[in-house]
Amino acid sequence: MADKREFGNPYDDFVPHRENGAFDLKDGKLLPEFQEKLQSSISKLLSTLDAGLQESSSHDYSIYTGTSGIALLYLLLSVRLNNASYLTRAVEITEQALSRLKNHRMSYLNGDAGPLALSAVLYHKQGASERSRQCIERLKGMLPQILKLNSDLPDEILYGRTGYLYALLYLNKSLGQDTIDSKTIQQVVAAVLRSGQILAEQMQRMIPLMYLWYGEYYVGAAHGFAGILYMLLQAKDYMSLSDLNNLVRPTIDYLQGVQFPSDNFPSSLGNNTDKLVQWCHGAPGVVFLYAEAYKVFGDDQYLQTALKCGEVVWKRGILTKGYSICHGVAGNAYTFLVLYQLTGDLKHLHRACKFAEWCTSYGKKQYHTPDRPLSMFEGIAGVIYFLVDIQEPKESKFPAFAL
């Protein structure tokens with residue numbers, strides 16, 4: 001049992017024109033009964049989270065597994081529920097983080113950039129413009145470290161340059177396009193591209209960009225090509241058409257060639273083990289890349305790759321590891337929300353709702369207890385985030401990744 005990575009999918013797939021109990025077949029709006037089920041689960045999970053926070057003395061202030069991730073959840077709750085008390089709680093959490101940042105990690109998810117960017121948004125919403133500006137200046141102060149190509153800073157999402165890039169893009173999306181000037185973002189994009197070119201040249205690879213993390217050429221969203229290229233596509237307005245078409249696109253095309261016959265993707269280049277189907281490694285994270293590539297380039301091959309990945313997630317995505325955003329059912333469910341937003345096909349909304357239904361059984365169907373059970377990416381906060389987010393399926397965004 002311990003080696004089994006997924007449960008068999010117990011749900012019937014979507015049948016057009018057949019009522020499903022989750023959403024209206026005319027407009028895709030969630031039905032009140034299904035929303036009530038989600039809300040009941042959210043309330044129980046929030047109670048568990050609140051009780052856990054009162055007992056916790058965590059010194060992890062990251063978005064990924066620390067207190068800032070819980071603040072990100074509270075921000076979503078404040079917006080969706082129009083409840084200012086959640087905004088106040090979010091600010092209280094991030095203020096603790098701001099006073100303890102050590103300025104030795106750069107990314108949004110697992111570094112200082114996350115608490116700083118999130119605090120800038122929270123302060124802005126409270127009308128504390130000067131405090132917001134100070135956070136932005138602290139974030140911009142990291143730029144010289146980001147641009148050093150002879151350092152050991154990686155390019156991936158979790159710890160590296162594209163994690164910092166997300167923080168900049170997130171601020172411009174949240175606070176206005178001129179919050180971070182174009183030159184700053186262009187410099188970061190150029191550094192990510194140049195870093196990939198240097199490694200590709202060193203390794204004498206036939207593709208224009210290569211990226212390495214801890215000795216492996218990872219493919220997935222958290223540490224590898226999929227996450228890096230996805231972030232570059234989201235920053236396409238800050239690179240030249242030449243770089244987009246001659247560096248980024250050929251690398252995206254190359255990755256299609258490493259797809260398994262099962263339509264899943266390996267965790268790293270040269271790894272022939274077809275095991276992982278989770279956001280951080282495998283098809284779920286890769287969906288974001290090819291969905292975005294389809295939007296940018298309009299080439300149907302990218303859409304087909306994304307759809308094939310969606311089939312993998314439907315068949316193999318109810319994971320025994322648990323419910324989490326990073327390597328669990330909630331994160332995998334975002335696969336279907338991305339495809340629903342891209343295609344409008346209610347099949348994908350149906351699948352997302354079924355995975356949400358599974359998540360309402362939180363804690364009952366998993367073989368592994370999360371190391372950080374309260375957190376955004378490994379624990380309960382991320383599941384709550386997803387159950388709130390799916391209630392507006394056309395507006396949902398994978399936290400700290402999609403813009």
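## Close-up views of a predicted model

**Figure 1. Packing around helix 2.** The cover over the buried residues of helix 2 includes helix 1 (32-55), helix 3, helix 4, helix 7 (161-175) and helix 15 (380-389). The model is predicted. Of the 14 residues of helix 2, 12 are buried, so the helix is largely enclosed by the rest of the structure. The buried set runs through Thr-67, Ser-68, Gly-69, Ile-70, Ala-71, Leu-72, Leu-73, Tyr-74, Leu-75, Leu-76, Leu-77 and Ser-78.

**Figure 2. Span and end of helix 2.** Helix 2 covers residues 67-80. At 1.5 Å a residue, its 14 residues should span 20 Å. The C-alpha atoms at its two ends are 20 Å apart, which agrees with that expectation. Asn-82 follows helix 2 and has a positive phi, near 55°.

**Figure 3. Ser-99 in the loop between helix 3 and helix 4.** The loop holding Ser-99 connects helix 3 (84-98) with helix 4 (113-126). Ser-99 is exposed, because its relative accessible area is 55% and the cut-off for exposed is over 50%. Its side chain reaches the backbone oxygen of Gln-96 at 3.0 Å. The side chain of Ser-99 also makes a polar contact with the side chain of Arg-100, at 3.3 Å. Leu-158 is 59 residues from Ser-99 along the chain, and the C-alpha atoms of the two are separated by 22 Å.

**Figure 4. Arg-161, a buried arginine in helix 7.** Arg-161 lies in helix 7. Its relative accessibility is 1%, so Arg-161 counts as buried. Neighbours within four places in sequence are set aside for the contacts of Arg-161. Its partners are then Ile-146, Lys-148, Leu-149, Ser-151, Leu-153, Pro-154, Asp-155, Glu-156, Val-188, Ala-191, Val-192 and Ser-195.

**Figure 5. Cysteines without a disulfide.** A disulfide is a covalent bond between the sulfur atoms of two cysteines. A search of the whole structure finds zero disulfides. For Cys-359, the closest cysteine sulfur is in Cys-353. The two sulfurs are 12 Å apart, too far for a bond, because a disulfide needs sulfur atoms within 2.5 Å. Cys-359 is buried, with a relative accessible area of 0%. Cys-135 is buried too, at a relative accessible area of 5%.

Key: Residues numbered from 1 in each chain as written. Predicted model: local features only at pLDDT ≥ 70, side-chain atom pairs only at ≥ 80, totals over all residues. Heavy atoms only, no water. Buried < 20%, exposed > 50% of the residue type's maximum accessible area, 1.4 Å probe, protein only. Helix = DSSP H or I, 4+ residues; strand = E, 2+ residues; numbered from the N terminus. Polar contact = N/O pair within 3.5 Å; in protein donor to acceptor, adjacent residues only side chain to side chain. Expected span 1.5 Å × (residues − 1). Contact = heavy atoms within 4.5 Å.
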